[in-house]
Amino acid sequence: MATLRELKGRIGSVASSEKITGAMKMISSAKMRKEELALKRLSPFRTQIETVIANLLSADAEFSSPLTEAREVRRMAIVVFGSDDGLCGAYNVNVFKQLIEHITYLRGQLAAGEEVQFDIYPVGAKIQKACLKLSDPKVKIVDTADVNSKITGDNVRKFSDTMVGDFLNGSYDRVDTVYMKFRSVSRQIPTAEQIVPVVAETFAKEGVETASGRPYIFEPSAQEIFSSILPMFLLSVMQEIFTENRASEQAARIMAMQSANDNAKKLLEQLQLEYNKLRQQSITTELLDIVGGQVR
């Protein structure tokens, strides 16, 4: 049975843990709000690009791009986004599960099936560690030491250009992403999306306005506009995914810290109750000893 001193030490330790998890939750909340604002700033830019492309697709004009060229998939890249830091619950586990499900789905859908070679680009130290556990001869984990979940701006552009360039030069027949789509602090959706080749269905969705039926005069030509704006669209998609990943990570960490904080409070209450009982028992024993001594 624990002594009063031991219980007091455990109570102090749990109380400190409660304060730490509470502080970490506040820090993660601030970081998540920052990423939410970043997503709101990115959204109008991507929406406008999607609207322009949707209008091009709906107009009576001829244009094409190597970025829309569909070919038989023999080798493809999958960029999987996770976290560089821990203490975010099952976040990376859920992303990893989505990756496995997506690979299984692709093997059933693609013409080459089991013969497709998958190159996995893990973004984040924790998801990279998980991916290295894959033991599949048709799955290769690519070293992404120069890329992490926290990069922004020019580094995101460089990574995006590399992936698009690998598609254009024939290194890959398709590039997909697997990540957590951010919806709210309590809701993140495991998502798998095709990046290149770009398909028309990407722009035929709710929220993308088109002006089909209206006559258009393009200046410069529709081909020049399409060729210029499509790389901008892909960059905006990649920037948004990096931001969504960071927001989702912080949201998962908030929930994990909240759970840890709640558990610490329950444990603290139990320890405090046990301490009070033991203390009361000790006082009662001392009183009985005093009374017994007086009687003698």
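Colleague: Which residue of β5 does Met180 stand opposite?
Modeller: In this predicted model, β4 and β5 are joined by 9 bridges and run antiparallel. The two strands form a hairpin, with 2 residues between them. Within this pairing, the residue of β5 that stands opposite Met180 is Pro190.

Colleague: In what order do the 5 strands of the open sheet lie?
Modeller: The pairing in this sheet is mixed. β3 (139-141) and β5 (187-196) each have a single partner strand and stand at the edges, so one side of each is left without a neighbour in the sheet. Neighbouring strands are turned against each other by 25 degrees on average, direction ignored. The order is β3-β2-β1-β4-β5.

Colleague: How many bridges join β1 to β2?
Modeller: Strand β1 covers residues 75-81 and strand β2 covers residues 117-123, and they run parallel. One position in this pairing is Met76, which stands opposite Phe118 in β2. The number of bridges joining β1 to β2 is 7.

Colleague: Over how many bridges do β1 and β4 pair?
Modeller: β1 and β4 pair in the parallel sense. Ala77 stands opposite Val175 in β4. The number of bridges between β1 and β4 is 5.

Colleague: How many of the 11 residues of β4 are buried?
Modeller: In the sheet order, β4 stands between β1 and β5. Helix α2 (residues 91-109) lies across β4 (174-184), as well as across β1, β2, β3 and β5. β4 is mostly covered, and the number of its residues that are buried is 9.

Colleague: At about what angle does helix α2 run to β4?
Modeller: Helix α2 has 19 residues and reaches 27 Å from its first C-alpha to its last, close to the 27 Å expected at 1.5 Å a residue. Its buried residues are Tyr91, Asn92, Val95, Phe96, Gln98, Leu99, His102, Ile103, Leu106 and Arg107. The helix lies across β1, β2, β3, β4 and β5, and its angle to β4 is about 140 degrees.

Colleague: Is Gln109 buried or exposed?
Modeller: Gln109 has its place in helix α2. Gln109 and Ser29 are 80 residues apart in sequence and 40 Å apart in space, C-alpha to C-alpha. With a relative accessibility of 53%, Gln109 counts as exposed.

Colleague: Which side chain of opposite charge is nearest to Glu244?
Modeller: Glu244 lies in helix α5 (residues 222-295). Leaving aside neighbours within four places in sequence, Glu244 is in contact with Leu39, Tyr179, Met180, Lys181 and Phe182. Glu244 is buried yet has no salt bridge; the nearest side chain of opposite charge is 4.2 Å away, and a salt bridge requires a nitrogen within 4 Å of a carboxyl oxygen. That nearest side chain belongs to Lys181.

Colleague: How many residues apart in sequence are the parts that Asp173 and Arg71 tie together?
Modeller: A salt bridge joins Asp173 to Arg71, the closest N and O atoms being 3.1 Å apart. Asp173 lies in the loop between α4 (153-168) and β4, and Arg71 in the loop between α1 (4-58) and β1, so the pair ties together parts whose separation in sequence is 102 residues.

Colleague: Is Asp173 buried, partly exposed or exposed?
Modeller: Its salt-bridge partner, Arg71, is partly exposed, with a relative accessible area of 25%. The relative accessibility of Asp173 is 12%. The limit for a buried residue is under 20%, so Asp173 counts as buried.

Colleague: Which residue meets Lys150 in a salt bridge?
Modeller: Lys150 counts as partly exposed at 48% relative accessibility. The salt bridge has an N to O distance of 3.0 Å, and the partner of Lys150 is Asp85.

Colleague: Is Glu114 buried or exposed?
Modeller: The side chains of Glu114 and Arg107 meet in a salt bridge of 3.8 Å, N to O. Arg107 counts as buried, at 17% relative accessibility. Glu114 has a relative accessible area of 52% and is exposed.

Colleague: How many salt bridges does a search of the whole structure find?
Modeller: Among the salt bridges is the pair Asp173 and Arg71. Arg46, Glu50 and Glu240 are joined into one network by salt bridges that share partners. The number of salt bridges found in the whole structure is 14.

Terms used: Residues numbered from 1 in each chain as written. Predicted model: local features only at pLDDT ≥ 70, side-chain atom pairs only at ≥ 80, totals over all residues. Heavy atoms only, no water. Pairing = 2+ DSSP bridges. Helix = DSSP H or I, 4+ residues; strand = E, 2+ residues; numbered from the N terminus. Axes fitted to C-alpha atoms, helices over the stretch in contact; angles between N-to-C directions. Contact = heavy atoms within 4.5 Å. Buried < 20%, exposed > 50% of the residue type's maximum accessible area, 1.4 Å probe, protein only. Lys, Arg positive; Asp, Glu negative; His and termini not counted. Expected span 1.5 Å × (residues − 1).
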